[in-house]
Amino acid sequence: MENKENNEITLQVRDLSAYYGKQQVLKDIEMDIQKRRITAIIGPSGCGKTTLIRCFNRLFETISYAHLSGKILYSGKDIHSLDPTKLRKEIGMVFQRPNPFPTMNIYNNVIAGYKLNGVRLKKSESDQKVEKTLKKVALWDEVKDKLFQSPQELSGGQQQRLCIARTIAVSPRVILMDEPCAALDPISTSRIEELMLALKKDYTIIIVTHNMQQAARISDFTAFLMLGELVEFGETDQIFTSPKKKKTEEYITGRFG
Amino acid sequence: MKIQFDIDLENLKHMVIDMATAVEEMINLSNRILMEKDSSLVEKAYQIEDTVNHMEVEIEQFCVTLIARHQPTATDLRLLVCVIKMINQLERLGDLAINIAKRYNEFMKIPDYLLPRDIRFLVMLSTQMVKESIMAFIRLDAEKARQVCAMDDEVDRLNKKLWKDFIKNMIDSDIDLETGFEMLMAGKQYERIGDCATNIAEEVVYYLKGQNIKHHFAAEELEESSSGNEVSLPDEKKSPGEM
């Protein structure tokens, strides 16, 4: 894979293997994630996509019998030499099912990252942050009159955008998204995709998706995983028009998987 | 659903082959009109042209439907792009064949002994290029397609020689200006037939290998866009002439 200048690479994966007990789920993964680009990870169910992105923010190691070998470098530093809480502030995550905190209102959900870490913001600061962040995710106009209501009253798409707002409120550099549109209708999906394209100006985004057309629509780079191995990694245009590997061709044309 | 798509793609290929067969027949008819002065063939050429034009529209619409329904990728996508461009070139080949056929009255004035050997070679070579480019598509033969591209240089050379010889012999020979002009125009049509065949061959290479070999500078880009298979660099070729 072509490696551009180092200052354009946010995450470097070197010889990464991951295990749940004795079962190996990732094998010798090598890839570079470019800054302020969208990288999609595709592959059949069980190929290791979610495991891979959970390695980036060290969520993988929260499972007691999970372990890995190899390295992941974040801005040149091994992530295992960094404080995991600080790392997860810089590498945020959005999950498949929208999960706004049900005990907090919309306003507090946005600044939950600060509250839960004991950071006290002045009211003017938090008001500003909430408005700015909700505008960034194109949710402000829809919720500005109900900021202190429960997020459960929002639609699925709105809740997911609220979760994205919660993630970016703490100013991460990387956003991991694990099938963020899987539970959403097509129109909500389209809005989240538009949001991702707008956010990539400021954030590096890595998205796991089963929807190949989504990967083709929004990503700059695509990684194809199969049975824990990285089969092919490259620019999305090249992967979807002229893949180099036969397995990639078979998967993206739907001839298997 | 994928099985249906495979069936649709096979049907599409058959439609393209049918159109190519009709166009080849038109070119053969035009060749005979020029060489054998057989006026009975002119009407038949016009009849086939109608069919070819309808086929182009039908195939194009089918391609659009397939793209809308299946959002194809990789080889499937390249096949559809190749077909859309190929049928455009086939339709132009039909037009060129008609251009030759409709000048029958003028060709009648050229005595056989004045028909230069170069024109005969030009006719033979460009006709062969059309045939080979279509065979490359049918047989999925990228190497054959590249060989067609290489033949275009010889077609261009023959056409240029035709012009040079005409100017050189204009005073000395008993070819009058009008007759000579008709021979040059015939030569030009065949040179354009060679260009269309080359364009088809280029699309076949793109379909099979994912490599764009149009224009000589595309050779440098081959390394970056390579599908991973070993390929030889294409010969330098000129841009296709105006159709």
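Two residues count as being in contact here when their C-beta atoms, placed from the backbone, lie within 7 Å of each other. Keep that in mind for the views below, which come from a predicted model.

**View 1. Chain A as a whole.** Let's start with the overall picture of chain A, which has 11 helices and 10 strands. Its C-alpha atoms fill a box of roughly 55 × 40 × 35 Å along the principal axes. How does the radius of gyration of chain A fit with a compact globule? For 257 residues, a compact globule would come out near 18 Å, and chain A has 18 Å, so the two agree.

**View 2. A hairpin in chain A.** Here we look at strand β1 (residues 9-20) and strand β2 (residues 23-34) of chain A, which pair in the antiparallel sense over 8 bridges. The two strands make a hairpin, with 2 residues between them. In that turn sits G21(A), whose phi is positive, at about 65°. For a landmark along the paired strands, find L16(A), which stands opposite I29(A) of β2(A). When you follow the side chains, remember that in a regular strand they alternate between the two faces of the sheet.

**View 3. Two helices crossing in chain A.** Helix α5 (residues 123-136) and helix α7 (residues 156-169) of chain A pack with their axes 9 Å apart, at an angle of about 125°. That angle is why α5(A) counts as oblique to α7(A). The crossing of these two helices is right-handed. Which residues of α5(A) meet α7(A)? They are K129(A), T133(A), L134(A) and K136(A), and across from them α7(A) offers A165(A), I168(A) and A169(A). Sorted by class, this contact of α5(A) with α7(A) has 4 nonpolar, 1 polar and 2 charged residues.

**View 4. Helices α5 and α6 of chain B.** Over in chain B, helix α5 (residues 117-138) packs against helix α6 (residues 142-169) at an angle of about 160°, with the axes 9 Å apart. Angles over 145 degrees count as roughly antiparallel, so that is the label for α5(B) and α6(B). Their crossing is left-handed. Plenty of side chains to look for: from α5(B) the contact includes I119(B), F121(B), L122(B), L125(B) and M129(B), while V148(B), M151(B), V155(B), L158(B) and L162(B) are among the residues from α6(B). Counted by class, the contact of α5(B) with α6(B) has 13 nonpolar, 4 polar and 5 charged residues.

**View 5. Helices α6 and α7 of chain B.** Now follow α6(B) to its packing with helix α7 (residues 177-209) of chain B, where the angle is about 165° and the axes are 8 Å apart. α6(B) and α7(B) are therefore roughly antiparallel to each other. This crossing is left-handed. The residues in the contact of α6(B) with α7(B) split into 14 nonpolar, 5 polar and 8 charged.

**View 6. Where chain B touches chain A.** Finally, how many residues does each chain bring to the contact? Chain B gives 12 residues and chain A gives 11. On the chain B side, the largest share, 5 residues, comes from helix α3 (residues 74-101) of chain B. That side of chain B has 2 nonpolar, 7 polar and 3 charged residues.

Note on methods: Residues are numbered from 1 along each chain as its sequence is written. Chains are lettered from A and ligands numbered from 1 in the order in which they are written. This is a predicted model: local features need pLDDT of at least 70, side-chain atom pairs count only at pLDDT 80 or more; totals for chains, interfaces and linings use all residues. Axes are lines fitted to C-alpha atoms, for helices over the stretch in contact, and angles run from 0 to 180 degrees between N-to-C directions. Helices (H or I, at least four residues) and strands (E, at least two) are DSSP runs, numbered from the N terminus. Angles under 35 degrees count as roughly parallel, over 145 as roughly antiparallel, 65 to 115 as roughly perpendicular and the rest as oblique. A crossing is left-handed if the near helix is turned anticlockwise from the far one by less than a right angle, and right-handed if clockwise. Ala, Val, Leu, Ile, Met, Phe, Trp, Tyr, Cys and Pro count as nonpolar, Asp, Glu, Lys and Arg as charged, and the others, Gly among them, as polar. Two strands pair if DSSP finds at least two bridges between them. The radius of gyration is taken over C-alpha atoms; the globule rule is 2.2 Å times the number of residues to the power 0.38.
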